[in-house]
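User: I've got a structure open here and I'd like to talk it through. Can you take my questions one by one?

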Amino acid sequence: MAKKRMIQAINETLDREMARDPKVVVFGEDVEISLFGDTRGLKDKHGAHRVRNMPISETVMSGMAVGAAAAGYKVVCHMMFGNFMYTGFDSIANQASKLRYMTAGQIALPIVYMGVFGGGRSAAAQHSDAMHPMFMNLGGIKVALPATPADAMGLLRSAIHDPNPVVFLQAAGRGGEQGEVPEGDHVVELGKASTVREGDDVTVVAIGAMVRPAMRSAQNLAEEGIGVDLIDPRTVVPLDREMIFGSVRKTGRLVVVDEARDMCSAASHIAAICADQCFDALTAPIRRVTVPDVALPYSPSLEKALLPNEGSISDTIRRLLGKAAAETEEA
Amino acid sequence: MSTAPSDVNFSDEQMLGFYREMLRIRRVEEQIGKDAKAGNIPGAVHLYIGQEAVGVGVCSQLTDDDWIASTHRGHGHYLAKGGDSKLLMAEIYGRETGMCKGHGGSMHVADFSKGIIGANGIVGAGISITTGAAWAAQMDGTGAVAVAFFGDGAANQGVLGEALNVAVLWKLPVIFVCENNGFSEFSPSSTVTAGKIVDRAKPYGALHEAVDGNDLIAVHQCAARAIRHARTGNGPSLIEARTYRQRGHVEAEASFLRSKYRSDDEVAEWIARDPIPALAKRIMDAGQASQADLDQVEADIAAEVAEAVKFAEGSPYPDPATQGTNFMFA
């Protein structure tokens, strides 16, 4: 094991997979110089024909990924900010996520649409969305949201070689965070959740960047005698329903933490399927900690108030257990 | 590009081959039109009738290693690129034996083994997909090309500008073939399209040429120049083939439209310029085939169409108990 930053883990994985498989190509806006660092140095090592800067043309870019993948390449299409995937949405929604099915599986479409997501940096509404719920409803595209450098490495490796398109969302504010990463090849299967921490009182399902504040919440609540079973789905499509159901059946309580707006969020979907499948095991209502249905504001004071954090997660759990909400300081 | 040379020399066999391919598309589609009217086809059908010279003129110069992407009006391109008529018919009938096992239908016929990325229900979608396929072909270095067929309606999608820009910059072996058939669905092109579509390549510095899309030989010559340009690593081209949509936007339109969007005289004028009789006359005038030869082609195609219908009608619908979700994350 070695400590690595998430962005470094992604960079090394891209490098390793490009070295391993000459069919892996990377293209997108400014991938040569690399704004975030995830594609930095790849052009020098793997050649200008496999690492290509695109014009700012998301509409053609998302479709080019489909064409190049259909023609045999494993395409990493870097869309920079996840919000820009809206600009290139047609080919993601109508082509990439549909063509395998519509052609009865005639082709593989190994595409990774990569971008950063989420708030917390005063990037304002057009650079701060958590857009994974939108992809969840397309039917035909996988969605990975790594919370740790090790998972970023393992999930990205799986995503690159998966015959289906995958949206790979890196938490914008988390690229610099460090974590232990296994030496050598590390693979995380898409669709396998991880139990981050075990506990008997309440299940907390936290998505993407929400795993870290949920973990801090769980650590603090343990001192108050509350045991949190913390689950990180790692991918919301496919969703590891069985691991979530198993935990909810064990604890009888569920809190879902999601950085998306509440309406039709991953949180609301997970709440719905648990209500459907684990109703008899529930001893309390299901709670969601999400973002209100507004655009994320710019000013730090406003933005901070809207995003889930350790304090809001802990208070939700305490109330659920019939304990008074503490005046928790925000993390 | 220069204009088409007048001294074209295609062999008798080639000329009859062009005729056969065009007639094959025509007769298959006439059958589909009849079947749609009779209520035998579950979804919408958009026919290519009148535009066959474009698909055949271009695709007759491509191999299975070359890629094409087509439009919602895509049966003709599929057949011209070597697609099987039985599998096509079964797909349009929604049967399990269709080339997409009934999951795509008329607007989504595809056969990747023949380089047919497929018809597409989103206007202009093939433009970006073929640009990507051309990038793949460039990386492969085999000289393969990609052709995007799209209509005058799709030329008004912004993606054409984006694609021309990147294709010129990267010198991609892609040929953008705009079939200007006069209509964006139910709107005459002149009411929704500014300037000349062919001119849209100019500011990017892409090769461009307008051609009579009802003249098989002219299309063939024009496409030959664009394909050679692409295969030799010189980049993209835009061809505007001027043709006419003899049928409606969609076969069922008479049942829901309450007014006309074109005159009967206009339709009649273009039917008089139908590309198939024009080619037949050219072949006969040049003595490259006899009436008996053409009759034989007609008979062969009639048999193929009958066989395709029989195959489709005799095939089962896909069973929802075993199919329906099995190609999701296959």
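What follows is a run of questions and answers on this predicted model.

User: Let's start with confidence. Where in chain B does pLDDT stay under 50?
Analyst: Chain B is mostly in good shape, with 98% of its residues at a pLDDT of 70 or more and a mean of 95. There is one stretch to be careful with, and the model gives it 13 contacts beyond four places in sequence. Where pLDDT is low, the predicted coordinates should not be read in detail. The stretch under 50 is residues 1-6 of chain B.

User: On to overall build. How does the radius of gyration of chain A sit against the globule rule, and what is its value?
Analyst: Chain A has 13 helices and 14 strands, and its C-alpha atoms fill a box of roughly 60 × 40 × 40 Å along the principal axes. For 331 residues the globule rule gives 20 Å, and chain A comes out close to that, so it is as compact as a globular protein of that length. The radius of gyration of chain A is 20 Å.

User: And what radius of gyration does chain B have?
Analyst: Chain B has eleven helices and eight strands, and its C-alpha trace spans about 55 × 50 × 45 Å along the principal axes. A compact globule with 330 residues would have a radius near 20 Å, and the value for chain B agrees with that. That value is 19 Å.

User: What share of the residues in chain B is buried?
Analyst: For chain A, 62% of the 331 residues count as buried. Chain A also has 79% of its contacts with a separation of 6 or more between residues 24 or more positions apart, and for chain B that share is 75%. As for burial in chain B, with its 330 residues, the share is 56%.

User: Which helix gives the largest share of the largest nonpolar core?
Analyst: That core has 111 residues, and Phe27(A), Tyr113(A), Ile317(A), Phe150(B) and Phe176(B) touch the most other members. The largest share, eight residues, comes from residues 58-70 of chain A. The core also takes at least three residues from each of domain 1 (2-181) and domain 2 (194-320) of chain A. The helix you're after is H3 of chain A.

User: How many residues are in the other core, the one apart from it?
Analyst: Its members include Val28(B), Val177(B), Ile283(B) and Val297(B). Val177(B) is also one of the contacts of Phe150(B), along with Phe176(B), Leu160(B) and others. The count for this other core is 64 residues.

User: Why can't Cys59(B) form a bond with Cys222(B), and how many disulfides are there over all chains?
Analyst: Cys59(B) is buried, with a relative accessible area of 3%. Its closest cysteine sulfur is in Cys222(B), but that sits 14 Å away, so it is too far for a bond. A disulfide would need the sulfurs within 2.5 Å. Over all chains, the number of disulfides is zero.

User: Last one: is Thr316(A) buried or exposed?
Analyst: Thr316(A) is in helix H13 (residues 310-320) of chain A, and beyond four places in sequence it touches Val255(A), Arg287(A) and Val289(A). Val289(A) is 27 residues away along the chain, yet the two C-alpha atoms are separated by 7.6 Å. The relative accessible area of Thr316(A) is 14%, under the 20% cut-off, so Thr316(A) is buried.

How values were computed
Residues numbered from 1 in each chain as written. Chains lettered and ligands numbered in written order. Predicted model: local features only at pLDDT ≥ 70, side-chain atom pairs only at ≥ 80, totals over all residues. Heavy atoms only, no water. pLDDT = per-residue confidence, 0-100. Contact = heavy atoms within 4.5 Å. Buried < 20%, exposed > 50% of the residue type's maximum accessible area, 1.4 Å probe, protein only. Core = buried A, V, L, I, M, F, W, Y, C linked by side-chain atoms within 4.5 Å. Helix = DSSP H or I, 4+ residues; strand = E, 2+ residues; numbered from the N terminus. Domains from an automatic or database assignment. Rg over C-alpha atoms; globule rule 2.2 N^0.38 Å.
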